[in-house]
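Q: I am new to this structure and would like a close look at a single part of it. Please take one contact between charged side chains and explain where its partners sit and how they relate to their surroundings.

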Amino acid sequence: MKHLSHEKQQLKEKHTNLQNPHGHVIKDLIWFSLIAAFFKLLLIPAYRSTDFEVHRNWLALTHTLPLSQWYTDETSPWTLDYPPFFAYFERFLSFFASLVDPTITDLYNGLNYTAPSVIIFQRLSVIASDTVLIYAVYKFTKNMELKKRFLIWVLVVWSPGLLIVDHVHFQYNGFLLGILLISLGELQKGNDLIGGFVFAVLLCFKHLFAVAGPVYFVYLFRHYCRGGILRGFGKLVTMGTVVVGVFMVAYGPFAYYGQIEQVLRRMFPFGRGLCHAYWAPNFWVFYILSDKVLAFVLAKLGFHIQPPTASFTGGLVGDSSPFAVLPTITPSVTFAIVLLAISPCLVKAWRNPDPKMIVRQVAYAYTCGFLFGWHVHEKASLHFLIPLAVVATESIEDARHYFILSIVSVYSLFPLLYEAQEYPIKVVLLLLHAALMWFGFSSILKEGGGVSRWVDKIYLVGFVGVEVWGQFVHPLVFGDRLPFLPLMMISFYCALGMMYSWIWQLRCLIRSP
């Protein structure tokens, strides 16, 4: 009788799921999200970077000052340098912050404020904003089979990169990447106008996502604006009106106060150096190291080498060169190289604007921006890592590529958490993530001889060597000398993996129909 009762219950549940399959997906995703939220809450007391004070100051200035002064205020060195929609977002949060603790939004008395109230409020604001990412993941995966859906949730909702950057280091990347995924999801479904609208909104939140702008333009022009000259022109006008409308809502008030030039100056501070303080693992790592090796060799051969007087990480590169031998790199050079690197993708989007390829094409564009862009932050690897997660289960090759790329990306973020008490957190996060990927991909993609090949395994073992050197061997051999060497090794080794990912993605795009 018990057996029959159990079978009847299973049939009843199966019937319920068939009647409301999306309700079942929502319930499962809520559980995934609650588990993630639990661990995020545990990280509230963890290390906070200067970005924490940056965003607290933005709360204060948008709450205290009139809109006309948001992009001119210099009360704090952490001035507002994100587009207007993000400033409006901070203004929205500031209403609640002022209710929790008025000092949070006090422009002068709140400087470097670290009371528990501000720590808890800002941490919770990031957790709450992640609902946008969770909604985007739901939209992407609701019609997938169970195993693939769960794995994508693990890769995105439980992303260790997002945990490190947003919930320890402190930023709001999760909800911005959620907006990107919503846009890409609409394009995949053929809702081009909505997809273009959402992408325009994203650009008004964070302008660094504009790297994929050329791909969006070519794809929408060829896919949405088709159907003959008159009909195509009408669609082009419609899309243009929607995009311009979004930018008018964002920038219109600042144009009214004559602040557009100041807003743009804040958003594009090209006076910063080619590289960030910690070199992002991109092409410029090889370029810089090549310059240093050439300078050393030529000096040994008797050539007179002028030592560089400028920095890779700050200052006006146009004033003096940070390179001893190789040509100076300027923002315009990096812009041209990024555009050149993206061009094969643009050709593909022009010839065959396939909705099934749009996620890969946009991810490739962000990879190009990361590898060849100006003053790239290591955190920008999330711009292509998260979109690629939603296509990682499509084939064994996608799984192998994502397995390597994800480990490279997360390990490259390790230097962000440099305090001893956070060391176990980042190591456990990476190891747990690697284990979940290994078992997840292996259970879904049976063919192909495993998730990783022998070459991949050798490269992955190399991370252990790099970490052992930086944590144990380097202090014993050099003591306090050459403190940048372990960071340089991390940048160089991760840059190898990033270059591999770029070549792999480029090959896939070229081979695609």
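A: In this predicted model, a good place to begin is the salt bridge between Glu394 and Arg360, whose closest N and O atoms are 2.9 Å apart. The pair links distant parts of the chain, since Glu394 belongs to the loop between helix H17 (382-389) and helix H18 (396-412), while Arg360 belongs to helix H16 (residues 358-372), 34 residues apart. The two partners can also be described by their accessibility: Glu394 has a relative accessibility of 47% and therefore counts as partly exposed, whereas Arg360, at 14%, counts as buried, because buried means under 20% relative accessible area.

Helix H18 holds a further pair, Glu397 and Arg400, which lie three residues apart, about one turn of the helix. Glu397 forms a salt bridge with Arg400, and the closest N and O atoms are 3.1 Å apart. Here Glu397 is partly exposed, with a relative accessible area of 28%, while Arg400 counts as buried at 7% relative accessibility. Returning to the starting pair, salt bridges that share partners join Arg360, Glu394 and Asp398 into one network.

For the wider setting, a search of the whole structure finds eight salt bridges, and the protein that carries them has 21 helices and zero strands. Of its 513 residues, 52% count as buried.

How values were computed: Residues are numbered from 1 along each chain as its sequence is written. This is a predicted model: local features need pLDDT of at least 70, side-chain atom pairs count only at pLDDT 80 or more; totals for chains, interfaces and linings use all residues. Side-chain values use heavy atoms; hydrogens and water are left out. Helices (H or I, at least four residues) and strands (E, at least two) are DSSP runs, numbered from the N terminus. Buried means under 20% relative accessible area, exposed over 50%, partly exposed in between (1.4 Å probe, protein chains only). A salt bridge is a side-chain nitrogen of Lys or Arg within 4 Å of a carboxyl oxygen of Asp or Glu.
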